[in-house]
Amino acid sequence: MRASVLSNGLPALALVMVLAALLTACVSAPPHAAPISVAVPVHEPCVLDEPAVPAWAVAALRTGQPIGEQVKALMVERAQRIAYESRLLAVIEGCR
């Protein structure tokens, strides 16, 4: 049977064409592109909730108060300013 397939030109040609078609089908298949993820920064609006300005201790002083009262008020105001500035810096840092 094998000799008859090879001796007759038509079946051998058909076999070669089928094999060629199968090979070209495997070679010509488009490669599948793998998905690529890209990290892109997205701008988000900054929320500015400014902290309330405290009532400063020195502003409540009356003229002519003793020096001890003035020093106490200055020390309290210094602590107030440090706390207020740290809250302001936290708001600014949150916007970066």
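Where do R81 and E77 lie, and how many residues apart are they? Both lie in helix α3, four residues apart, which is about one turn of the helix. Keep this pair in mind as you go through the views below, and remember that the model is predicted.

**View 1. The whole chain is built from helices.**
Let's begin with the overall layout. The chain has three helices and zero strands, and from the N terminus on its elements run α-α-α. Of its 96 residues, 8% count as buried. Two of the helices return in the close-ups: α2 covers residues 9–27 and α3 covers residues 67–94, with a loop between them.

**View 2. R81 and E77 form a salt bridge in helix α3.**
Here is the pair from the opening question. The closest N and O atoms of R81 and E77 are 3.0 Å apart, and the two residues form a salt bridge. How exposed is each partner? E77 has a relative accessible area of 11%, so this residue counts as buried. R81 is partly exposed, because its relative accessible area is 37%, and the partly exposed class runs between 20% and 50%.

**View 3. E77 also reaches the backbone of V58.**
Stay with E77 in helix α3 and look for V58. The side chain of E77 reaches the backbone nitrogen of V58 at 3.0 Å. E77 therefore takes part in this contact as a buried residue, at 11% relative accessibility.

**View 4. W56 and Y84 make an aromatic pair.**
A search of the whole structure finds one aromatic pair. Its members are W56 and Y84, with ring centres 5.9 Å apart and an angle of 85° between the planes, an edge-to-face arrangement. Why edge-to-face? Planes over 60 degrees apart get that name. The pair links distant parts of the chain: W56 is in the loop between α2 and α3, while Y84 is in helix α3, 28 residues apart. Y84 has a relative accessible area of 14%, so Y84 is buried.

**View 5. R81 sits over the ring of W56.**
Now two earlier views come together. R81 lies over the face of W56, at 4.3 Å from the ring centre. R81 is also the salt-bridge partner of E77, and W56 is also the aromatic partner of Y84.

**View 6. E69 and K72 form another salt bridge.**
The structure holds two salt bridges, and here you can see the one between the side chains of E69 and K72, at 4.0 Å from N to O. Both residues lie in helix α3, three residues apart, about one turn of the helix. E69 has 39% relative accessibility, so E69 counts as partly exposed. K72 reaches 52%, so K72 counts as exposed.

**View 7. Four nonpolar residues make a surface patch.**
Look for L15, V18, L19 and L22, which make a nonpolar surface patch of about 380 Å². One of these residues, L22, has its place in helix α2. Is L22 buried or exposed? L22 has a relative accessible area of 52%, so L22 is exposed.

**View 8. E44 and C95 are far apart in sequence numbering.**
For the last view, find E44 in the loop between α2 and α3. E44 and C95 are 51 residues apart along the chain, and their C-alpha atoms are separated by 9.1 Å. E44 has 62% relative accessibility, so E44 counts as exposed.

How values were computed
Residues are numbered from 1 along each chain as its sequence is written. This is a predicted model: local features need pLDDT of at least 70, side-chain atom pairs count only at pLDDT 80 or more; totals for chains, interfaces and linings use all residues. Side-chain values use heavy atoms; hydrogens and water are left out. Rings of Phe, Tyr and Trp (its six-membered ring) pair if their centres lie within 6.5 Å; planes under 30 degrees apart count as stacked, over 60 as edge-to-face and the rest as tilted. Buried means under 20% relative accessible area, exposed over 50%, partly exposed in between (1.4 Å probe, protein chains only). A charge sits over a ring if NZ of Lys or CZ of Arg is within 6 Å of the ring centre and within 35 degrees of the ring normal. Patches are made of residues with over 30% relative accessible area and no salt bridge: like charges are joined within 9 Å, nonpolar side chains (Val, Leu, Ile, Met, Phe, Trp, Tyr) within 5 Å. Accessible areas come from the Shrake-Rupley method with a 1.4 Å probe; for residues, only the protein chains shown count as cover. A polar contact is a pair of N or O atoms within 3.5 Å; within protein, one must be able to donate a hydrogen and the other to accept it, and residues adjacent in sequence count only if both atoms are side-chain atoms.
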